[in-house]
Amino acid sequence: MGRCSVHVLLLLVLHVLKTSAEDSGRQLACLQCDSPKCLQASQCHGTRCFSSVTVGSSGVVFKCGCLQGTDPISFHCSMSPSYHQAIFCCSRDMCNSNTTRNSLMAQLLSAPEGEPVPYRVETLALFVIGPVVVLVLLSVVSVLACRKFRHSRLQRLQDFDTEQGAIDGLITSNVGDSTLADLLDHSCTSGSGSGLPFLVQRTVARQISLVECIGKGRYGEVWRGQWQGENVAVKIFSSRDEKSWFRETEIYNTVLLRHENILGFMASDMTSRNSSTQLWLITHYHENGSLYDYLQRVAVETTEGLAMAASIACGLVHLHTEIFGTEGKPAIAHRDLKSKNILVTKELRCCIADLGLAVIHSQTDNLLDVGNNPKVGTKRYMAPEVLDETIQTDCFDAYKRVDIWAFGLVLWEIARRTYSNGIVEEYKPPFYDQVPNDPSFEDMRKVVCVEQQRPFIPNRWFSDPTLSALVKLMKECWYQNPSARLTALRIKKTLDKIYSSLEKGKES
């Protein structure tokens with residue numbers, strides 16, 4: 001090709017490019033308006049015309065106008081119709097004047113984005129089965145963690161046993177050939193509670209050998225054990241009564257409870273025996289057993305019965321009374337006083353046991369500590385306000401009055417087994433003739449609250465001055481209105497007065 005031909009071709013290319021550039025920069029005349037009907041339409045100039053319809057919170061908006069610049073054109077004109085907006089672009093003069101609102105609405109309504117998308121079977125299975133699998137895995141992990149924790153706890157107890165020889169060697173120099181009385185007397189002057197120091201408690205507990213089971217109940221078992229040749233009582237709590245063991249341990253180790261009419265505490269221990277964890281409470285041993293057992297075997301003379309009742313009252317006074325000072329104690333309400341929770345000493349005096357449900361109150365900070373035990377006592381011995389659930393649970397005096405009601409029933413049990421003129425009744429529990437052997441909560445509520453019955457009083461009691469005075473006393477413990485009942489101190493003084501009258505009658 002010659003130079004002339006190349007020159008002509010170059011000129012043609014330049015002309016095409018120039019024409020194209022002029023077209024791209026040319027301003028179009030477009031219709032400009034806002035909804036609803038473009039009644040006041042005007043013209044605008046731009047590189048592209050458009051019409052659009054938008055569905056929003058204010059309704060349907062229809063617009064026509066111009067677009068300027070490459071970016072706005074690319075953005076707006078490339079949009080596909082969706083469930084809320086449709087747009088039409090064109091590049092001729094007044095080309096958007098023929099586009100109607102209805103035609104754009106038709107595009108909008110036919111847009112696929114507004115239609116629900118059905119889930120696939122696999123997706124639904126994932127949503128349903130996924131959470132179930134996660135829950136199963138969490139359950140398995142929890143079970144494994146609990147087993148590991150239990151194993152580690154037992155391992156620690158076993159490790160403690162292997163080290164026990166060294167610990168015993170350190171403490172033996174202190175314990176030596178001491179008797180229990182020596183140890184307890186020493187602990188009163190060197191410890192905060194009424195028991196032994198914790199390390200000594202564990203040492204004593206590990207040195208006890210169980211001899212015979214002397215009692216069973218819902219709480220667990222009571223064994224006679226021996227420590228360095230001396231008898232001790234070992235109460236082994238069942239696992240479901242762990243809170244009672246903890247509560248009793250807590251009270252005995254923090255409160256100075258040394259009193260002749262409160263069961264003497266020695267030690268408490270959580271130990272691993274026979275591949276299971278056992279909860280031990282070690283106390284003084286009383287061969288006569290509980291008052292409940294003793295009264296079934298033995299009938300008592302008037303002076304013996306009075307002495308037993310007075311000793312229980314003394315123990316109750318000690319519990320209910322707050323003693324201030326360094327050797328003091330908070331006030332305590334028992335909440336489960338009954339003949340099974342009272343032990344008979346060899347001198348035929350009584351001491352109160354089982355503080356697993358006790359409530360503590362201190363006037364100094366006015367705190368009422370009810371513990372963390374869901375049990376509420378023994379149904380046969382429950383006061384009316386406990387049975388009909390009207391007891392003031394935030395008032396400490398209310399718990400003391402519950403103890404007084406129960407004391408009146410124990411007094412009735414002693415009176416039945418007290419001789420007068422050579423006559424005595426066989427042992428029976430309170431309300432024996434009014435409720436079944438194992439009464440329900442509703443049985444007791446009907447008899448005590450609805451019918452307001454009280455234990456039967458035999459006629460022979462009224463012909464005996466001492467028993468007649470005891471009848472008057474127990475009735476003053478059984479008032480339906482709790483605030484009318486006697487206090488423990490008033491009961492103690494009344495019993496002392498009855499005893500004095502009996503002694504004077506003998507002298508005369």
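**Figure 1. Asn-231 sits in strand E8, which covers residues 230-237.** Welcome to the first close-up of this predicted model. Is Asn-231 buried, exposed or partly exposed? The answer is partly exposed, because its relative accessible area is 34%, and a residue has to be under 20% to count as buried. The side chain of Asn-231 has two polar contacts to look for. One is with the side chain of Arg-224, at 2.9 Å. Another is with the side chain of Gln-226, at 3.4 Å. Now look for His-284: this residue is 53 residues away from Asn-231 along the chain, yet their C-alpha atoms are separated by 7.7 Å.

**Figure 2. Strand E8 pairs with strand E7 in a hairpin.** Strand E7 takes in residues 220-227, and eight bridges join it to E8. The two strands run antiparallel. To find one of the bridges, start at Trp-223 and look across to its partner in E8, Val-234. Two residues lie between E7 and E8. In this turn, pause at Gln-228, which has a positive phi of about 50 degrees.

**Figure 3. Strand E8 also pairs with strand E10.** Here the view moves to E10, which is made of residues 276-284. How many bridges connect E8 and E10? There are six, and the pairing is again antiparallel. As an example, Ala-233 has Thr-283 as its bridge partner in E10. While you are here, check how much of E8 is covered: six of its eight residues are buried. A helpful idea to keep in mind when looking along any regular strand is that the side chains alternate between the two faces of the sheet.

**Figure 4. A disulfide joins Cys-30 to Cys-49.** The structure holds three disulfides, and this close-up shows one of them, with an S to S distance of 1.8 Å. This pair links distant parts of the chain, with Cys-30 in strand E1 (residues 28-34) and Cys-49 in strand E3 (residues 48-56), 19 residues apart. Which hand does the link have? With -75 degrees about the S-S bond, the link is left-handed. Cys-30 is buried, with a relative accessible area of 0%, and Cys-49 counts as buried at 0% too.

**Figure 5. A disulfide ties Cys-44 to Cys-66.** The two sulfur atoms are 1.8 Å apart. Cys-44 lies in strand E2 (residues 42-46) and Cys-66 in strand E4 (residues 59-67), so the pair ties together parts that are 22 residues apart in sequence. The torsion about the S-S bond is about 100 degrees, so this disulfide is right-handed. Cys-44 counts as buried because its relative accessibility is 10%. If the word is new to you, a disulfide is a covalent bond between the sulfur atoms of two cysteines.

**Figure 6. Cys-90 and Cys-95 form a disulfide.** In this view, the sulfur atoms are 1.8 Å apart. The link is right-handed, with 90 degrees about the S-S bond. Are Cys-90 and Cys-95 buried or exposed? Cys-90 is buried, because its relative accessible area is 8%, and Cys-95 is buried with a value of 8%.

**Figure 7. Cys-213 and Cys-314 are partly exposed.** Cys-213 has a relative accessible area of 33%. For Cys-314, the relative accessible area is 22%.

Definitions and conventions:
Residues numbered from 1 in each chain as written. Predicted model: local features only at pLDDT ≥ 70, side-chain atom pairs only at ≥ 80, totals over all residues. Heavy atoms only, no water. Helix = DSSP H or I, 4+ residues; strand = E, 2+ residues; numbered from the N terminus. Buried < 20%, exposed > 50% of the residue type's maximum accessible area, 1.4 Å probe, protein only. Polar contact = N/O pair within 3.5 Å; in protein donor to acceptor, adjacent residues only side chain to side chain. Pairing = 2+ DSSP bridges. Disulfide = S-S within 2.5 Å.
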